[in-house]
Amino acid sequence: MKILARTILLITILTTILFSEPFYEEFEKLEGKIKKTKAAKVIKFTDVEKEKDKNGFIIIPMIYYTPETDFAFGGSFLYYYRLKSQTVENRPSYFQTHFVYTLNNQIISVANIENYFLGEKLHFFERVEVSKYPDYFYGIGNNNPDPVKEKFTSLYTLAEINAQYSIVENISAGIKWDFAHYSMLDVQKKIAEQNRFGEFTYTDAKLKDPALPGSQGGIISGLGTYLRFDSRDRSTYPKKGNFSTATLTGYHKIFGSEYNFVKFNLDIRQYLTLYEDIILSLIHISEPTRPY
């Protein structure tokens, strides 16, 4: 176990160095000096920089620890590309996937595809996720007389598709479709409460009640509107700028959903460069729902 952890840590450090901005900046300076030499002119040194910049890939190993997961291991692969009609000035499209396995026998598997067309005017985003992961249930609605925090694990499959068109610079709008299927695998059976004398009492967990909406899993499917503001310097691993989205999605049986509700999602992310490759990311996510 120690050997595996040390090996993954070494790979992570080497990957960080090789894919860091300073490494490429020094390489580009050296390449520029070589191109200016007389020898380069004689052998007709070819400029393949554009082809390298238009397409490429990044591999990042991952290892982390949380109380819910124990140690987790995995990796992320990203391939970025541009169409033949696009230049290096255009934002690249990309395919990204990552897989994580934990010592608690949990998995996260995600694939994202983002494509830009018409000189970044038209934008498509697709996401598929299959995960078996722990979570907490805090009750339904804002008015819960008794505090609830119950552990559960579900196997879920998510699919999301949205299409956007640029209205003005940095702002685009469009429509989206969401689909998710949930299977409840492990639900906490009893809730323990301790009084001031140190005595415990046990009550049945609320998720055990089959009448509780969502306690047996199910399917949700909805159609909604999408608004996006994006001033990031780059779409993958940004160093500065803002990325904010607002979506309003209605889930109904006419879309194949087993539950009827409206969800509003607000996602605000600000990226700040503190020093060279040290980036501060400030994120706020709000996701209220309302049944109908």
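Tutor: A residue is called buried under 20% relative accessible area, exposed over 50%, and partly exposed in between. These terms are applied here to a predicted model.

Student: Why is F95 called partly exposed?

Tutor: F95 has 30% relative accessibility. Because partly exposed is the class between 20% and 50%, F95 falls into it. The residue lies in strand β3, which spans residues 93-102.

Student: What makes F95 part of a surface patch, and which residues join it there?

Tutor: F95 forms a nonpolar patch on the surface with F57, I59, F77, Y79 and I113, and together they have about 490 Å² of accessible area. Two or more residues of this patch come from each of β1 (56-66) and β2 (70-81).

Student: Why does S244 count as buried?

Tutor: The relative accessibility of S244 is 14%. Since buried means under 20%, S244 is therefore buried. This serine belongs to strand β11, residues 241-251. Beyond its neighbours within four places in sequence, S244 is in contact with L227, R228, F229, D267, I268 and R269.

Student: What makes the pair of S244 and N242 a polar contact?

Tutor: The two side chains are 2.7 Å apart in this contact, and the cut-off is 3.5 Å.

Student: How do you know that β4 and β5 pair?

Tutor: Pairing requires at least two bridges, and strand β4 (residues 107-117) and strand β5 (residues 122-137) have eleven, in the antiparallel sense. One of the bridge partners is R127 in β5, matched with N112. In their hairpin, with four residues between the strands, L118 takes a positive phi near 55°.

Note on methods:
Residues numbered from 1 in each chain as written. Predicted model: local features only at pLDDT ≥ 70, side-chain atom pairs only at ≥ 80, totals over all residues. Heavy atoms only, no water. Patch = residues over 30% accessible without salt bridge, like charges linked within 9 Å, V, L, I, M, F, W, Y side chains within 5 Å. Areas by Shrake-Rupley, 256 points an atom, 1.4 Å probe, with all protein chains shown as cover. Salt bridge = Lys/Arg side-chain N within 4 Å of Asp/Glu carboxyl O. Buried < 20%, exposed > 50% of the residue type's maximum accessible area, 1.4 Å probe, protein only. Polar contact = N/O pair within 3.5 Å; in protein donor to acceptor, adjacent residues only side chain to side chain. Contact = heavy atoms within 4.5 Å.
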